[in-house]
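Student: I am new to this structure, and I would like to understand how each description is justified. Could we go through the reasoning step by step?

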Amino acid sequence: MELRQRCHTFFSGDKPTTAAEDFAAMARFCEANDIAHDAYGEGALVQGFEKKIADLLGFEKAVFCITGTMVQSVALRLACEAAGSKAVALHPTAHVLLHERSNHQFLDHFKSLHVGDPFRTWTASDLAAWPDRIGAALYELPMREIGGQLPDWTDLEALKAYCRERNIHLHMDGARLWEASAGYKRSLKEIAQGFDSVYVSFYKGIGAHAGAMLLGRADFIAKADTWMKRMGGNVYRRSPYVVSAAMRFDERLAKMPAYLERTQRLYDVLRDFPQLQVNPARPHVNMLHVYFPVGRERLTEIRNELAAEHGIWLFGGAKHAALPDQSSIEWYVGEALSTLSDAQVREILALVIGKLASSRKSSPT
């Protein structure tokens with residue numbers, strides 16, 4: 001990451017900060033708000049933040065946890081135990097399946113049923129296609145691996161009703177729920193209504209160092225709290241993580257509509273660069289996937305060349321795409337891109353197109 005640290009212009013996410021800058025900001029927040037440490041999660045800071053988020057989303061109770069991976073596995077395990085079925089319906093691109101090392105299988109939490117098309121959001125009709133007794137359904141809002149897509153509101157409401165009628169515990173992977181609120185132009189409480197439990201993240205859109213929260217009924221959260229302690233989540237001090245979230249939360253949440261508006265303007269610019277294909281076709285939230293007409297290795301080289309020659313960091317990692325000589329990246333439109341004008345974005349994209357053109361010229365015929 002040394003090359004990235006030497007850059008001055010960043011396209012996706014936030015401009016990096018130093019540990020010294022972060023800790024100094026946390027110290028100022030603590031001093032201004034008379035923050036005291038918790039002890040194993042007990043204290044005004046942690047309980048106050050948990051209540052704030054629970055009230056915001058309309059739930060009885062919330063519990064803070066260090067990792068979302070722990071939160072999700074515990075929530076779904078408990079839902080399945082209550083339902084008497086280990087079957088969990090989820091999308092083929094769910095984070096649980098792709099990024100959590102198959103913990104649900106190896107730790108025997110639940111069994112997964114893949115619902116819907118990998119490239120589309122899924123609906124109640126996709127769930128109804130399964131004849132099995134389903135204990136829980138997980139829905140990610142928005143769906144990161146397909147470019148941040150959101151289901152139509154009517155489809156989401158129909159899914160809530162379907163699960164409620166059949167006593168299926170509906171759990172939300174709300175790692176990017178803050179972004180979904182701007183996308184739907186609806187309150188967090190309205191979106192969360194009809195879900196039995198919700199997980200939210202504080203290090204993704206909010207920018208905290210780490211941390212997640214599980215929300216639901218008080219009895220459900222009490223059981224989840226016990227299970228997360230069993231799994232090693234009962235750290236002595238939660239305060240560093242909660243402070244890094246609480247001091248940013250209100251400001252960052254208020255900026256989500258502006259980030260979405262900046263994403264819409266980015267789409268307007270991208271229309272002038274037909275070599276780059278976007279998913280989704282229109283922005284649902286302030287993130288998107290961009291497809292390039294070169295392989296992953298060459299695209300990574302282009303990123304590094306731009307960093308070395310111009311001090312521009314274009315993206316984090318590239319992925320293989322379904323077609324040969326094609327790859328994709330993710331852009332999260334946040335503070336970094338918000339500081340760049342449309343003219344600057346065009347200049348950067350022109351540099352990228354120039355690199356792509358030279359790649360085609362050097363390719364063997």
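Tutor: Let us do that, bearing in mind that this is a predicted model. A place to begin is Lys-185, which comes just after helix H9 and takes a positive phi of about 60°.

Student: What makes helix H9 a mostly covered helix?

Tutor: Helix H9 spans residues 177–184, and 7 of its 8 residues are buried, where buried stands for a relative accessible area under 20%. The buried residues of H9 are Leu-177, Trp-178, Glu-179, Ala-180, Ser-181, Ala-182 and Tyr-184.

Student: Why is Ala-245 called buried?

Tutor: The relative accessible area of Ala-245 is 0%, and the cut-off for buried is under 20%, so Ala-245 counts as buried. This residue has its place in helix H12, and, leaving aside residues up to four places away in sequence, Ala-245 touches Phe-49, Phe-202, Ile-206 and Ala-208.

Student: How far is Ala-245 from Met-228?

Tutor: The two residues are 17 residues apart along the chain, and their C-alpha atoms are separated by 20 Å.

Student: Why are helices H2 and H12 called roughly perpendicular?

Tutor: The axes of H2, residues 19–33, and H12, residues 239–270, come within 10 Å and cross at roughly 80°. Angles of 65 to 115 degrees count as roughly perpendicular, and the crossing angle is therefore described in that way for H2 and H12. On the H2 side the contact is made by Asp-22, Ala-25, Met-26, Phe-29 and Cys-30, while H12 brings Pro-240, Val-243, Ser-244, Ala-246, Met-247 and Arg-248. Sorted by class, this contact of H2 with H12 has 8 nonpolar, 1 polar and 2 charged residues.

Student: How do you know how many cavities there are, and what are their volumes?

Tutor: A cavity is a space where a 1.4 Å probe fits but cannot get out, and the count comes to 2 cavities of 30 Å³ or more. The largest cavity has a volume of about 50 Å³, and the second largest cavity holds about 30 Å³ of space.

Student: Which residues line the largest cavity?

Tutor: Its lining is formed by Val-63, Phe-64, Cys-65, Asp-225, Met-228, Lys-229, Gly-233 and Arg-238. Strand E2, residues 61–65, and helix H11 are the elements that give two or more residues to this lining. By class, the lining of the largest cavity divides into 4 nonpolar, 1 polar and 3 charged residues.

Student: And what lines the second largest cavity?

Tutor: The second largest cavity is lined by His-91, Thr-93, Ala-94, Trp-122, Leu-138, Tyr-139, Glu-140 and Met-143, a lining with 5 nonpolar, 2 polar and 1 charged residues.

Student: What is the volume of the second largest pocket, and which residues are closest to its centre?

Tutor: A pocket, in contrast to a cavity, is an open set of points, and the second largest pocket has a volume of about 350 Å³. Of the 20 residues that line this pocket, Ala-82, Asn-167, His-169, Asp-196 and Arg-217 are the closest to its centre.

Student: Which helix gives the most to the lining of the second largest pocket?

Tutor: Helix H4 gives the most, with 5 residues. At least two residues each are supplied by H4 (68–83), helix H8 (153–165), strand E6 (169–174) and helix H11 (218–230). The lining of the second largest pocket divides into 9 nonpolar, 4 polar and 7 charged residues.

Key
Residues are numbered from 1 along each chain as its sequence is written. This is a predicted model: local features need pLDDT of at least 70, side-chain atom pairs count only at pLDDT 80 or more; totals for chains, interfaces and linings use all residues. Side-chain values use heavy atoms; hydrogens and water are left out. On a 1 Å grid over the protein atoms alone, a cavity is a set of points where a 1.4 Å probe fits but cannot get out, and a pocket is an open set with protein on both sides within 12 Å along at least five of seven lines; lining residues have an atom within 4 Å of a point. Grid points are joined across faces, edges and corners, and a volume is the space filled by probe spheres set on the points. Helices (H or I, at least four residues) and strands (E, at least two) are DSSP runs, numbered from the N terminus. Ala, Val, Leu, Ile, Met, Phe, Trp, Tyr, Cys and Pro count as nonpolar, Asp, Glu, Lys and Arg as charged, and the others, Gly among them, as polar. Axes are lines fitted to C-alpha atoms, for helices over the stretch in contact, and angles run from 0 to 180 degrees between N-to-C directions. Angles under 35 degrees count as roughly parallel, over 145 as roughly antiparallel, 65 to 115 as roughly perpendicular and the rest as oblique. Contact means heavy atoms within 4.5 Å. Buried means under 20% relative accessible area, exposed over 50%, partly exposed in between (1.4 Å probe, protein chains only).
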